[in-house]
Amino acid sequence: MKIHCLQTGDVQIKSRHQLARYEARPARVVDVLTDKDWSPRLPIGCWLIEHPEGLILVDTGESSHANDPGYQPWWHPFMQRCERRWVKPEEEVNTGIQALGFNLREIRWVIMTHMHGDHAGGIGHFPDSEIILSKKEAHDALAWSGPVQGFLNMHYPKWLKPTITTHDDGPFESFDRSMVVTKDGAVRIVPTPGHTLGHQSVVVDTGTHYVLIAGDAAYQESYMLEGRIDGVAVNAKLHHDSTRRMRELCKRKPTITQFAHDCDSAKRLEQKIFTIVSD
């Protein structure tokens, strides 16, 4: 198997969105909205997995239309005032996949960690793929109230009928539940709620090590190691439990962690840099 880290432009968020100061969600949300400081420009990552049973895409990145007038809800203070985006048409995920020499119709599975705009913006490129969401994420993202929580479901393709998972294939390593994607068991989905209640991550077993593709389960590896939460995480308790399970996974077998907005994710993947968890 080979795994490619693809970047679909950049995003900039408030510093207290990237790393929260408070545990209680109301305080964190106010902190983000009133924060005058911005994070550095951060990558918007997604991943292509070459597997003998078919190509697997984890997340679809942002759309180049994200800054078009009217794309972001005018009434949503967070999307209007707390995010900046840079995505050119040639930086969308479809172009990145084609640059690797693959046809979009070769993508067998699209596994969504969650459905926020910077992860689901490219989903419309994959009408021929099986799109996998957790049951809770599908419920929240497809609801009429989805946009309030950052799910821009007005931009989801009309044909979207995802495969829903409740991760019923038994425990896996430090996780109580999992879903086996490939027949050889090399690619599994595990629940990692916190950032959203239905957030999930992908574990790829290469034989010698794991690659943990964890979306926004943490915004960078150091935050995962420290058990720090982001400013918009829906549930802090679940977030802490998810990062604890990720740290335990890293202890059980050499693991390369991948997070969507971690500037070092691509480097860790390319140079095979394993995560070190101190006791």
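**Figure 1. The side chain of R247 meets the backbone of M224.** In this predicted model, the side chain of R247 reaches the backbone oxygen of M224, and the gap is 2.8 Å. Count along the chain and the two residues are 23 apart, yet in space their C-alpha atoms sit 7.4 Å from each other. Leaving out residues up to four places away in sequence, R247 touches M224, L225, G227 and V277. If you're looking for R247 itself, you'll find R247 in helix α8.

**Figure 2. Helix α8 and its cover.** Here's the helix that holds R247. Helix α8 covers residues 236-252, 17 residues in total. From its first C-alpha to its last α8 reaches 25 Å, close to the 24 Å expected at 1.5 Å a residue. Which residues of α8 are buried? They are A236, H239, S242, T243, R245, M246, R247, L249 and C250. What covers them includes two other helices, α2 (25-34) and α7 (221-226), plus the strands β10 (200-205), β11 (210-213) and β12 (255-258). Take a look at the start of the helix too: a side-chain oxygen of N235 comes to within 3.0 Å of the backbone nitrogen of K237.

**Figure 3. T255, tucked into strand β12.** Just past the helix view comes T255, which belongs to strand β12. Is T255 buried or exposed? T255 counts as buried, because its relative accessibility is 0%. A polar atom of the T255 side chain lies 2.8 Å from the backbone oxygen of K253. Residues up to four places away in sequence aside, T255 touches Y210, L212, L249, C250, I273, F274 and T275. Two of those names, L249 and C250, may ring a bell: they're among the buried residues of α8.

**Figure 4. An open sheet of five strands.** Zoom out a little from T255 and you can follow the sheet in the order β8-β9-β10-β11-β12, with mixed pairing. Its edge strands are β8 (179-180) and β12, each pairing on one side only. Inside the sheet, β9 (residues 187-191) and β10 pair in the antiparallel sense, over five bridges. To spot one of these pairs, find P191: its bridge partner in β10 is Q200. What holds paired strands together in general? Strands of a sheet pair through backbone hydrogen bonds, and they do so either parallel or antiparallel.

**Figure 5. Strand β5 between two parallel partners.** Now for another strand, β5 (residues 107-111), which is mostly covered, with four of its five residues buried. Strand β3 (residues 54-58) runs parallel to β5 and is joined to it by four bridges. Strand β6 (residues 130-134) also runs parallel to β5, with three bridges between them. Which residue of β5 is the bridge partner of V58? That's I111, and I111 also stands opposite I132 in β6.

**Figure 6. Stepping back to the whole protein.** To place the close-ups, here's the full picture: nine helices and 12 strands. The C-alpha trace spans about 45 × 45 × 35 Å along its principal axes. With 279 residues, a compact globule would have a radius of gyration near 19 Å, and the 17 Å of this protein agrees with that. Of the 279 residues, 58% count as buried. The protein exposes about 12300 Å², and carbon and sulfur atoms supply 51% of that area. Among contacts between residues at least 6 apart in sequence, 66% join residues at least 24 apart.

How values were computed
Residues numbered from 1 in each chain as written. Predicted model: local features only at pLDDT ≥ 70, side-chain atom pairs only at ≥ 80, totals over all residues. Heavy atoms only, no water. Expected span 1.5 Å × (residues − 1). Buried < 20%, exposed > 50% of the residue type's maximum accessible area, 1.4 Å probe, protein only. Contact = heavy atoms within 4.5 Å. Polar contact = N/O pair within 3.5 Å; in protein donor to acceptor, adjacent residues only side chain to side chain. Rg over C-alpha atoms; globule rule 2.2 N^0.38 Å. Areas by Shrake-Rupley, 256 points an atom, 1.4 Å probe, with all protein chains shown as cover. Pairing = 2+ DSSP bridges.
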